[in-house]
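Got the viewer open and a selection box ready? Here is a short walk, stop by stop.

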Amino acid sequence: MTLPAETDATSPKHLRDKYAIVGVGETTYTRGSGKTTRALGTWAVRNAIEDAGLKPSDVDGMLSYQSGDSTFSTFIAGDLGIRANFYMDVFGGGSSTEALVGMAMGLIEAGMCKVVVIFRAMNGFSQVRIGGTGARAAAPVSGDMLHSRSYGWQSAGQMFSPTFMRHMHDYGTRPEQVAAVKAIHSEHASNNPKAFYRERVSVADVLASRIICKPLHLLDCCVETDNGTALVVASAERARDCRHPRTLIRGVVGRCSKPRLDMHYQHGPISTVAGRYAREILWPNAGVGPEDVDVTGSYDAFTFTTMLQLEDYGFCKKGEGGAYVSDGTIRLGGRRPNNTSGGHLCEGYTHGLNMVIENVRQLRHDADDSCPVGPDGKRQHTYDYSEGGCRQVKKCEVTANMGWANPGTGSAMVMRRD
């Protein structure tokens, strides 16, 4: 069978606004959870399903991601009474969230299931830590590790920092500019009752903290936490019957990579990250551009990863990322706030999922801050961003999330309020 010539079946137009995130859920962000990843995952998924106004029996698809540090979907499904028509557990970290949202859309589009839960559960502080400590410390040097561990690249900071150093060399970017990312995200976290680190810090505090690996200071690095996080994806039509205003998905990029994914330093310029390629998919699919976005959520494993992503996705010109993140643009009350929950640097480290959760709440105009709850059960946001106050962005209609696995791989998603 051939389609009529006038039928436009391209995915950008066909899938835009056809799916939505209808539920979000999380556990507390803590260290020393005293719980298994199975318990954390079940807790987060249950919260997300309840947030959507659904029952476990309404869910028939499950996706998860891990790096050998979590629990498989089948156990979480069994604990909650979910019978899956499709499930998959993906190996991977920071670029997984948005990629799995895209997969969930594809599963529903293909008729394989109707409502999909995506979750990540990790004891990222008390059990499997990323870097040179914990369960991975005794891993043998084999395969591609010959290009990394044998030369001292054990942690993410050691592996990623050369990209930042090259950006400093190429464009004159200064450590104090990217330190502003931590300072601003800490301001946002101070208005987030569930953030692990709620104390505001200054640029001077970041620069005064000890060096971890050149040029990264301790406070340039994200917090390690134990937590579970989850999203529920359904069709836009199904979303009409759910609890909250619809958060519609405009476009998704999943695990887009630079030409040399195995070793991105062998394909320059190394001060450019995967967002440079991902944006060629993201903005046409979403039907908007960077200038249309009200709030961003960037993967802030380190202060400079935020800068590189915002730059290469086109929110500023190449080489101007240092100025963009330090001139007040990304602050609450600024032109385009970023990571309004505090992100990985302050709220908790989730391998990317908590920034999507935050943007969903921003689009609902219901950020879970300390603002008073009115008689109608809704928060009465004050838009006073002083410490301990509001963190709801006054005008939030379109958001962009940018996931990161490493400089050579990234995922992204644009959402809008219905």
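**Stop one: a hairpin and its neighbour**

Select strand S10 together with strand S11 (residues 409-417): the two run antiparallel and are joined by 8 bridges. Before you zoom in, keep in mind that this is a predicted model. S10 and S11 make a hairpin, with 2 residues between them. For a pair to label, take Val-398, whose bridge partner in S11 is Arg-416.

Now colour S10 (residues 398-406) by accessibility. Of its 9 residues, 7 are buried, so the strand is largely enclosed by the rest of the structure.

Next, add strand S9 (residues 295-298), which pairs with S10 in the parallel sense over 4 bridges. Two pairs to click on: Val-295 has Thr-399 as its bridge partner in S10, and Gly-297 has Asn-401. Which way do the residues of S9 point? Val-295 and Gly-297 go one way, Thr-296 and Ser-298 go the other, and all are buried.

**Stop two: helix H3**

Select residues 73-80, which is helix H3, and show Ser-73, Ile-76, Ala-77 and Leu-80 as sticks; these are buried. Why do they sit on the same side of H3? Because they cover an arc of only 100 degrees around the axis. The general rule behind such a pattern is that an α-helix has 3.6 residues a turn, so residues three or four places apart point the same way.

To see what the buried residues of H3 pack against, bring up helix H2 (37-52) and three strands: S2 (61-66), S3 (86-91) and S4 (115-123). Then step off the end of the helix onto Gly-81, which follows H3 and has a positive phi, near 80 degrees.

**Stop three: out on a loop**

Go to the loop between S4 and helix H5 (156-171), where you'll find Val-141. Val-141 is partly exposed at 43% relative accessible area. Show Met-145 and Leu-146 as well: with Val-141 they form a nonpolar patch on the surface, with about 250 Å² of accessible area together.

Gly-143 lies in that loop between S4 and H5 too, and is exposed, with a relative accessible area of 54%. Try a distance from Gly-143 to His-188: they are 45 residues apart in sequence, and C-alpha to C-alpha they are 41 Å apart in space.

**Stop four: salt bridges**

How many salt bridges does the structure hold? There are 26.

Start with Lys-194 and Asp-368, whose closest N and O atoms are 2.9 Å apart in a salt bridge. Lys-194 is in the loop between helix H6 (175-189) and helix H7 (203-208), and Asp-368 is in the loop between helix H13 (353-363) and S10, so the pair ties together parts 174 residues apart in sequence. Asp-368 is buried, at 16% relative accessible area. Widen the selection to Glu-26, Lys-194, Glu-347, Glu-358, Arg-361, Asp-368 and Arg-391, and you have a network linked by salt bridges.

Next, pick Arg-246 and Asp-418, another salt bridge, with the closest N and O atoms 2.7 Å apart. Arg-246 lies in the loop between helix H8 (236-239) and strand S8 (247-257), while Asp-418 is in the segment after S11, so this pair ties together parts 172 residues apart in sequence. Is each partner buried or partly exposed? Arg-246 counts as buried at 11% relative accessibility, whereas Asp-418, at 47%, counts as partly exposed.

Last pick: Arg-240 and Glu-237, whose side chains meet in a salt bridge at 3.3 Å, N to O. Both Arg-240 and Glu-237 are exposed.

Notes. Residues are numbered from 1 along each chain as its sequence is written. This is a predicted model: local features need pLDDT of at least 70, side-chain atom pairs count only at pLDDT 80 or more; totals for chains, interfaces and linings use all residues. Side-chain values use heavy atoms; hydrogens and water are left out. Buried means under 20% relative accessible area, exposed over 50%, partly exposed in between (1.4 Å probe, protein chains only). The arc is that of the directions from the helix axis to the C-beta atoms. Contact means heavy atoms within 4.5 Å. Two strands pair if DSSP finds at least two bridges between them. Patches are made of residues with over 30% relative accessible area and no salt bridge: like charges are joined within 9 Å, nonpolar side chains (Val, Leu, Ile, Met, Phe, Trp, Tyr) within 5 Å. Accessible areas come from the Shrake-Rupley method with a 1.4 Å probe; for residues, only the protein chains shown count as cover. A salt bridge is a side-chain nitrogen of Lys or Arg within 4 Å of a carboxyl oxygen of Asp or Glu.
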